[in-house]
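This briefing concerns the nonpolar core and the helices of a single chain. Please consult the sequence and the structure shown below.

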Amino acid sequence: VADFCGIVKLNASAKVIWNKLQNGATKEELVKILTDTFSISEEKAREDVEKSLELLIQREMIGCE
């Protein structure tokens, strides 16, 4: 994920996360989706989810409940 003057460009995994968040996916569901979609380890998927969510929260694009 890169930030260009307020524009956020999503990589492939961040795009999947963003789209699934719009449907109300949980953090655990996001991890499972990434492992299935990209054939990556659960550890790597969890790391990607955490980083993506952190950035989206920092940019106030999503909120936590």
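**The nonpolar core**

In this predicted model, the largest nonpolar core consists of ten residues: Val-16, Ile-17, Ala-25, Leu-30, Val-31, Ile-33, Leu-34, Ala-45, Val-49 and Leu-53. Two or more residues come from each of α1, α2 and α3, and α2 contributes the most, with four. Such a core is a set of buried Ala, Val, Leu, Ile, Met, Phe, Trp, Tyr and Cys residues joined through side-chain atoms within 4.5 Å; buried denotes under 20% relative accessible area with a 1.4 Å probe, protein chains only.

**Helix α2 and its surroundings**

- Helix α2 spans residues 27–38, twelve residues in all, and reaches 16 Å from its first C-alpha to its last.
- Leu-30, Val-31, Ile-33, Leu-34 and Thr-35 are buried in α2, and their cover includes α1 (12–21) and α3 (42–58).
- Ser-39, which follows α2, has a positive phi near 50°.
- Beyond its neighbours within four places in sequence, Val-49 is in contact (heavy atoms within 4.5 Å) with Ile-17, Lys-27, Leu-30, Val-31 and Leu-34.

**The chain overall**

- The chain follows the pattern β-β-α-α-α; helices (H or I, at least four residues) and strands (E, at least two) are DSSP runs, numbered from the N terminus.
- Of the 65 residues in the chain, 25% are buried.

**Basis of the values**

- Residues are numbered from 1 along each chain as its sequence is written, and side-chain values use heavy atoms, without hydrogens and water.
- Local features need pLDDT of at least 70 and side-chain atom pairs count only at pLDDT 80 or more, whereas totals for chains, interfaces and linings use all residues.

Notes: Buried < 20%, exposed > 50% of the residue type's maximum accessible area, 1.4 Å probe, protein only. Expected span 1.5 Å × (residues − 1).
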